[in-house]
Amino acid sequence: TTAITLKLFYGTEYLPNLLFGDADFNKIFKEFPYGQQQFFVKAYFMIQLAFHAYDAIFMEVLTWLRNKRGKEYNEYMIHHLITIGMIVMAYLCNFYPLGITVLFCSHLTDAILNFCKVCRDVQVLPTMIMDVCFVTMVLVWTYVRGFLMPYYSAYLCSAVFWYDVVFRDQAELLEIGRVVAFAQRLGYAQ
């Protein structure tokens with residue numbers, strides 16, 4: 001799904017600049033909550049929802065058939081239920097760029113993690129290559145999930161949301177200096 005996401009949204013306004021897109025997240029809520037989206041964006045969300053729901057149901061059926069739970073079962077199910085909830089809320093609330101950004105960050109790191117797991121389980125690669133694979137995984141995971149994802153999903157979007165949606169024209173009237181100063185620092189407000 002990482003390659004599909006990159007193919008669909010490379011250079012578009014749905015992914016931010018640091019993730020191969022062309023989005024200006026300072027303008028993410030300009031049409032909120034009534035912005036119209038293209039069909040492929042909605043289809044992408046439905047496919048992601050189906051994929052994660054299938055994965056969760058398959059894991060549950062597999063657990064029921066084997067009559068035992070693996071040691072990662074609880075974390076796996078919580079992960080899928082939270083992801084399903086995030087996809088549904090992003091779709092219903094019209095948060096498409098933010099949802100696509102979070103899904104891409106998650107899938108990018110998951111792809112590298114799964115590649116490293118396969119290399120470890122197969123045990124055909126030399127130890128030095130496995131070490132390089134592990135270091136690459138840690139660096140990418142730290143950068144993407146430790147910096148990019150929180151920056152775009154929490155820090156930037158919350159500031160823009162509060163300024164653009166909540167205090168749209170009342171920011172000066174309410175004298176909310178911190179919000180206005182923060183929006184000015186982002187280059188969003190004059």
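This report walks through the core, one buried threonine and the largest pocket of a predicted model.

## Ground rules

Local features need pLDDT of at least 70 and side-chain atom pairs count only at pLDDT 80 or more, while totals for chains, interfaces and linings use all residues. Numbering runs from 1 along each chain as its sequence is written, and side-chain values use heavy atoms, with hydrogens and water left out.

## The core

The largest nonpolar core (buried Ala, Val, Leu, Ile, Met, Phe, Trp, Tyr and Cys residues joined through side-chain atoms within 4.5 Å) has 21 residues. F9, Y14, V41, Y44, F45 and I100 have the most contacts inside it. At least two core residues come from each of α2 (39–66), α3 (73–92), α4 (96–122) and α5 (127–166); helices here are DSSP runs of H or I, at least four residues, numbered from the N terminus. The largest share, eight residues, is from α4.

Beyond four places in sequence, Y14 is in contact (heavy atoms within 4.5 Å) with F9, A23, Q37, Q38, V41, Y96, P97, I100 and T101.

## T5

T5 sits in α1 (residues 2–9). Its relative accessibility is 0%, so T5 counts as buried, a label for under 20% relative accessible area (1.4 Å probe, protein chains only). Leaving out residues up to four places away, T5 touches Y10, Y44, I100 and F104.

## The lining of the largest pocket

Sixteen residues line the largest pocket, with Y76, H79, H80, D110 and N114 nearest its centre. A pocket is an open set of points on a 1 Å grid over the protein atoms alone where a 1.4 Å probe fits, with protein on both sides within 12 Å along at least five of seven lines; lining residues have an atom within 4 Å of a point. α2, α3 and α4 each supply at least two lining residues, and α4 gives the most, with six.

Definitions and conventions
Buried < 20%, exposed > 50% of the residue type's maximum accessible area, 1.4 Å probe, protein only.
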